Amino acid sequence: MTRRTAKRAIKRSGKQVSDDRHAIPDNVRVLFEDGWSPMEQMEGPQDRERDQRFRKNIRPQNETQQQFFDLVQDHSVVFAVGPAGTGKTYVAVAKAVEALEAGKVGRIVLSRPAVEAGENLGYLPGDMEDKLSPYLRPLYDALTDRLSAKKVRSLMAEGVIEVAPIAFMRGRTLNNAFVVLDEAQNCTYAQLKMLLTRLGWHSTMVVTGDPEQSDLLPGVSGLGEITDKLDDVEGIGICRFAKGDVVRHPLVAKMIEYI
């Protein structure tokens, strides 16, 4: 009865009645009267405009990054030290993804010290992975940039991409893996020594960090000391970035000169 009453009211108002069950009801307002669709700009490849374009294969942005690329290609252990914004973490994760997709390694192991930047976040709920997720966010961002978020979740569920806390690395042997240790300036000398000796067969380990941005007490960080000691060891590559190698924002390079 209600539908008949509504139809009679519409007829009296002079509007056309449609028998289509999928017609837009009267209580729904059309947002775009001209029929605009958000997919119209995606009809052809020539019309696709994006603020950011992702490349399947990354390329070096400067000579130091090219040196970093070559060291990762030819060495089993590589240190990348230097100021923020030079692409250390992104290149390390991108190279790990390339090695995984090429079949050179069987898994990716990500590790990062759980040290707050000058503030205490208190207790974090969840399991081990949930507790470490805020600290590993930069690594996740680089991973989802090279792989889709769905694929990253799938590979993590399968154990192909592993989140390995530094506290639980003791006694392990990482074979057939690409290991990325980020923010190594927040590791002590003993921690770095322990982590470096986890290297197994057919594996690559990349250690990144900025000795000038340690969140530990002065003199506690072991990154600068351990890179100096291993500088002359054959088979270990050390890439030192400078403020002129910043690829993030021009102001970052300028701020580094004064702060």
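Analyst: Contact here means heavy atoms within 4.5 Å. The model is predicted, local features need pLDDT of at least 70 and side-chain atom pairs pLDDT 80 or more, while totals for chains, interfaces and linings use all residues. Residues are numbered from 1 along each chain as its sequence is written, and side-chain values use heavy atoms, without hydrogens and water.

User: Which residues of helix 3 and helix 5 meet?

Analyst: From helix 3 (helices being DSSP runs of H or I, at least four residues, numbered from the N terminus), Thr 89, Tyr 90, Val 93, Ala 94 and Val 97 take part. Their partners in helix 5 are Leu 139, Ala 142, Leu 143, Asp 145 and Arg 146. This contact of helix 3 with helix 5 comprises 7 nonpolar, 1 polar and 2 charged residues. Ala, Val, Leu, Ile, Met, Phe, Trp, Tyr, Cys and Pro count as nonpolar, Asp, Glu, Lys and Arg as charged, and the others as polar.

User: At roughly what angle do the axes of these two cross?

Analyst: The axes of helix 3 (residues 88-101) and helix 5 (residues 137-146) cross at roughly 50° and come within 9 Å. Axes are lines fitted to C-alpha atoms over the stretch in contact, with angles from 0 to 180 degrees between N-to-C directions.

User: And how do helix 2 and helix 3 cross?

Analyst: The axes of helix 2 (residues 63-74) and helix 3 come within 11 Å, crossing at roughly 35°. Helix 2 contributes Gln 65, Phe 68, Phe 69 and Val 72 to the contact, and helix 3 contributes Lys 88, Val 91, Ala 92 and Lys 95. Together, the contact of helix 2 with helix 3 has 5 nonpolar, 1 polar and 2 charged residues.

User: New topic: what lines the largest cavity?

Analyst: Ser 111, Met 169, Val 179, Leu 181, Leu 195 and Met 205 line the largest cavity. A cavity is a set of points on a 1 Å grid over the protein atoms alone where a 1.4 Å probe fits but cannot get out, and lining residues have an atom within 4 Å of a point.

User: Which classes are in that lining?

Analyst: The lining of the largest cavity has 5 nonpolar, 1 polar and no charged residues.

Note on methods:
On a 1 Å grid over the protein atoms alone, a cavity is a set of points where a 1.4 Å probe fits but cannot get out, and a pocket is an open set with protein on both sides within 12 Å along at least five of seven lines; lining residues have an atom within 4 Å of a point.
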